[in-house]
Amino acid sequence: MGLSNTGLPACVPIQSVTSTLIMVPLQTSTGVYNKIDLTAPVPTWNSLVNQLDETKRWFPLPQFENVELPKADSQFEEANSGRKVFLRQGVRSFSGELWADDSSPTLLSKLQNNRCVEFGVFIIDVNGNLVGSKVGDSLFPISVDNPSFDPKYMFATDSTCSKIMVAFDFDRLFDEGTMYMITPEEAGINFNDLEGLIDVNFADLTQVANTSITFDAEFDYGTAYNPIKLKGLVTGDFAVFDNTAQSSLQIVATENVPLEGNYTLAGSFVTGNSYTASIDKIGYSGKVTFTAS
């Protein structure tokens, strides 16, 4: 095998400064690798963020500050004569900071939980390009060395704001020569505009037998006394499934103003049946399973 040709055409697209990351599980629950099929029509990108199956979902992070992607030195063995033999390339690392409103300890907790999932990342640059690893006709998320994933909290000082520092190594076998991008023009979207889902809890759930359930729709975020509530939902923003009868239940939702974020879902519940109530609104994720009284 000879040397590779080194000519370049005009206007080769080049990745710019990294602005954020999209975390993606490497495999679905059935063992299929998550990827973008480059031979298929362009995906509806928001549907990937709002995917019901968490093992297929995209998880965009907020915008980073002070991003660095250093690469360790390559490893060689050197003989007494001075002769060197290449062993392996150095590992590429990532570090970046989430500042101010994006530095909630609650978000830190959610990031720390990701150590339990084998995942990769698509890199997003300031121009809205998405960068992944192209193999054949597919673009894959770049594999992360999961044990190296290290989000940590940085307290505010007199001269600095609070931050979450996110750091990790990419998989040591990742071939940087496989990096390709999808541009906003090709995608029909600036990838910086994608936002992750917000978890919603069904708090303080009570029941009126065979008639309704009432609860507070609360985020994990807020104060210890007052979690932030999800306000303004209507009937179409909820779904109730009868797990026992294996059918959807028709309901009517009412926000119990002036108790904003407090909702009643009225329907014909059957005593003893198991139900799952869920949020059915773009940008949010939450459900609760209960047995009707």
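In the predicted model, the largest pocket is lined by 39 residues, and those lying nearest its centre are Phe59, Pro60, Leu107, Gly196 and Leu197. The volume of this pocket comes to about 1300 Å³. Several elements contribute to its lining, with at least two residues supplied by each of strand E1 (18-25), helix H1 (45-49), strand E3 (59-60), helix H2, strand E15 (198-208), strand E16 (212-222) and strand E23 (284-285). Of the elements involved, E1 provides the largest share, which amounts to four residues. When the lining of the largest pocket is divided by residue class, 19 residues are nonpolar, 12 are polar and eight are charged.

The second largest pocket encloses about 540 Å³ of space. Its lining consists of 21 residues, of which Leu52, Ser278, Ile279, Ser285 and Gly286 are placed nearest the centre. Two or more residues of this lining are given by each of E15, strand E22 (274-279), E23 and strand E24 (287-291). The largest share here, four residues, is that of E15, a strand that also supplies at least two residues to the lining of the largest pocket. Strand E23 likewise takes part in the lining of the second largest pocket and in that of the largest pocket, to which it gives at least two residues. By class, the lining of the second largest pocket comprises eight nonpolar, seven polar and six charged residues.

Besides these pockets, the model contains one cavity of 30 Å³ or more. The space within the largest cavity is about 40 Å³, and its lining is made up of Lys71, Gln89, Gly90, Val91, Arg92, Phe170, Asp171, Arg172, Phe174 and Glu176. Five of these lining residues are charged, whereas three are nonpolar and two are polar.

Turning to the strands, an open sheet is formed by four of them, arranged in the order E4-E7-E13-E12 with antiparallel pairing. The edges of the sheet are occupied by strand E4 (65-68) and strand E12 (150-154), each of which pairs on one side only. On average, and with direction ignored, neighbouring strands of this sheet are turned by 15° against each other. Helix H2 (residues 105-112) packs on the sheet, where it touches E7, E12 and E13, and the direction of the helix makes about 165° with that of E12. This helix is also among the elements that supply at least two residues of the lining of the largest pocket. Within the sheet, strand E7 (residues 93-99) and strand E13 (residues 163-169) are paired in the antiparallel sense over seven bridges. One residue pair can be named for this arrangement, in that glutamate 97 has methionine 165 of E13 as its bridge partner.

A further position examined is alanine 292, which is located in the segment after E24. With a relative accessible area of 5%, alanine 292 is classed as buried, because this value falls under 20%. When neighbours within four places in sequence are left aside, alanine 292 is in contact with Gln207, Phe269, Val270, Thr271, Gly272, Asn273 and Tyr275. Alanine 292 and threonine 211 are separated by 81 residues in sequence, while the distance between their C-alpha atoms in space is 9.3 Å.

Methods
Residues numbered from 1 in each chain as written. Predicted model: local features only at pLDDT ≥ 70, side-chain atom pairs only at ≥ 80, totals over all residues. Heavy atoms only, no water. Pairing = 2+ DSSP bridges. Axes fitted to C-alpha atoms, helices over the stretch in contact; angles between N-to-C directions. Contact = heavy atoms within 4.5 Å. 1 Å grid on protein atoms, 1.4 Å probe; cavity = no way out; pocket = protein on both sides within 12 Å on 5 of 7 lines; lining within 4 Å. Points joined across faces, edges and corners; volume = space filled by probe spheres on them. Nonpolar A, V, L, I, M, F, W, Y, C, P; charged D, E, K, R; others polar. Buried < 20%, exposed > 50% of the residue type's maximum accessible area, 1.4 Å probe, protein only.
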